[in-house]
Amino acid sequence: MNGVLVILEFHDGWNRMSWEALAAGQQIAAKLNQPLLAAVAGGNLEQATEDLSTRPLARAYTVRHALLQDYTADGFIAAFEQLIPSIDPQLVLFPHTYQVRDFAPRLAARFGETMIADVIAVDCDSGRLRFVRQLLQGKLNADYCHSGVGPCFASVQAGAFRADTLGSGACIVEEFSPRIEAAQIRSQPCERFRESAHTVDLAGASLIVSVGRGIKEQSNLPIVQELAQTLGAELAASRPICDNGWLPMERQVGSSGQTVSPKVYIAVGISGAIQHLVGMKGSKAVVAINKDGSAPIFEVADYGIVGDLFEVVPALTAAVRKAKGA
Ligand SMILES: Cc1cc2nc3c(=O)[nH]c(=O)nc-3n(C[C@H](O)[C@H](O)[C@H](O)COP(=O)(O)OP(=O)(O)OC[C@H]3O[C@@H](n4cnc5c(N)ncnc54)[C@H](O)[C@@H]3O)c2cc1C
């Protein structure tokens, strides 16, 4: 076995988590002193081929077939079941996307392997891979070691690795044509699941004020909007705020929203559930305002204010205004 194979996701564009998985693969390949490889499956992969040719990879594979144009678990499993033995990698790594959750565990089972899903860190002890996963809503970290026999399958959590560490390079992109029969595809592809729309570029924001359920009612939102405006920050939210329709879905941060990495992330009335943390833990500095001193958000906060947001936020806005001389 040789190589770290990262299976990327492309459908009318890249799933941004693909690059995080590739960055993770790059780090692991360096630790194992093995080549970094990538593969992507689909029907129309011209753009993907072009993009991959500028990545720092030993080799990339475009896995093409008309039956892969629309994603189905059966089609993708059949395709990668043929590609993987032809490469014989030590590790097959995925981004932990909805699509990967659907097909990758079954793909791993075809090789007699278990999928180690949603990992936040990977290390290797004398060539043996050790993965870290979170348990109990992030309260515990657990180590998972692979036997070292057969390829290892793992997916990486959104936000656990930084895509901007990847760099560029030049790579040969090879086409792989799997044999797939229409009769193998047992499901009918429907409309794709849409993650929240990205019309607001929170990912590029350097300052974010994010609001959670602690705000209690939609009519209270102007308190945080005012702070965001005064600071010149983008406004973001936890999922319940967007689910309630109080702010548009594109302002949601987290595993089913956007991944952000601003210089400062101010979390107002947000508890710090793992699905929220994965979207913002790449922030350079986190300020948390919460009345519950034991809220998990304080575990990732650089600065914490334990207090009532209805007192703290207006005071903060006034202090910023004063400092700006406004
Ligand atoms: C598959 C899946 C995907 C998910 N994806 C996401 C996602 O992308 N993003 C996301 O955010 N969540 C996501 N969630 C939901 C997530 O699990 C949490 O339910 C959610 O993040 C909680 O939001 P919250 O922190 O705003 O609310 P809560 O957990 O209810 O926390 C509210 C906080 O406000 C504090 N508070 C209350 N009143 C005040 C006050 N007056 N002053 C100060 N503090 C106060 C409380 O102490 C509490 O800590 C997902 C869940 C699932 C199952």
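Mentor: Before we start on this predicted model, one cut-off: a disulfide is a pair of cysteine sulfur atoms within 2.5 Å.

Trainee: OK, so how many disulfides does a search of the whole structure find?

Mentor: Zero.

Trainee: Take C124, then. Why is there no bond from its sulfur to the closest cysteine sulfur?

Mentor: That closest sulfur sits in C145, and the two are 11 Å apart, which is too far for a bond.

Trainee: Is C124 buried or exposed?

Mentor: Buried, with a relative accessible area of 18%. C242 is buried too, at 4%.

Trainee: Switching to the sheet. What's the strand order?

Mentor: It's an open sheet of nine strands, ordered 7-6-5-8-4-1-2-3-9, and the pairing is mixed. Strand 7 (140-145) and strand 9 (173-176) are the edges, each pairing on one side only. From one strand to the next, the twist averages 35 degrees.

Trainee: How do strand 1 and strand 4 run, and how many bridges join them?

Mentor: They run parallel, with three bridges joining residues 4-8 to residues 91-95. Within that pairing, L5 stands opposite V92 of strand 4.

Trainee: Which strands does helix 4 lie across?

Mentor: Strand 4, strand 5 (115-125) and strand 8 (152-156). Helix 4 covers residues 98-110 and runs at about 165 degrees to strand 4.

Trainee: Which of its residues are buried?

Mentor: Q99, V100, F103, A104, L107 and A108. They pack against those three strands and also against helix 3 (73-87).

Trainee: Why would residues three or four places apart point the same way?

Mentor: Because an α-helix has 3.6 residues a turn.

Trainee: Where's the kink in helix 4?

Mentor: At A104, shortly before the proline P105, and the bend is about 30 degrees. Then, just after the helix, G112 takes a positive phi of about 70 degrees.

Trainee: Now aromatics. How many pairs are there?

Mentor: Nine aromatic pairs. In one of them, Y71 and F76 have ring centres 4.9 Å apart and planes at 75 degrees, so it's edge-to-face.

Trainee: And what kind of pair do F76 and F103 make?

Mentor: Edge-to-face, because their planes are at 65 degrees, with the centres 5.6 Å apart. That pair links distant parts of the chain, since F76 is in helix 3 and F103 in helix 4, 27 residues apart.

Trainee: How accessible are those rings' residues, F76 and F103?

Mentor: F76 is buried at 6% relative accessibility, and F103 is buried at 2%. Y71 is buried as well, with a relative accessible area of 17%.

Trainee: Which residues form the aromatic cluster?

Mentor: Y71, F76, F80, F94 and F103 form one cluster.

Key:
Residues are numbered from 1 along each chain as its sequence is written. This is a predicted model: local features need pLDDT of at least 70, side-chain atom pairs count only at pLDDT 80 or more; totals for chains, interfaces and linings use all residues. Side-chain values use heavy atoms; hydrogens and water are left out. Two strands pair if DSSP finds at least two bridges between them. Helices (H or I, at least four residues) and strands (E, at least two) are DSSP runs, numbered from the N terminus. Axes are lines fitted to C-alpha atoms, for helices over the stretch in contact, and angles run from 0 to 180 degrees between N-to-C directions. Contact means heavy atoms within 4.5 Å. Buried means under 20% relative accessible area, exposed over 50%, partly exposed in between (1.4 Å probe, protein chains only). The bend at a residue is the angle between axes fitted to the seven residues ending there and the seven starting there. Rings of Phe, Tyr and Trp (its six-membered ring) pair if their centres lie within 6.5 Å; planes under 30 degrees apart count as stacked, over 60 as edge-to-face and the rest as tilted.
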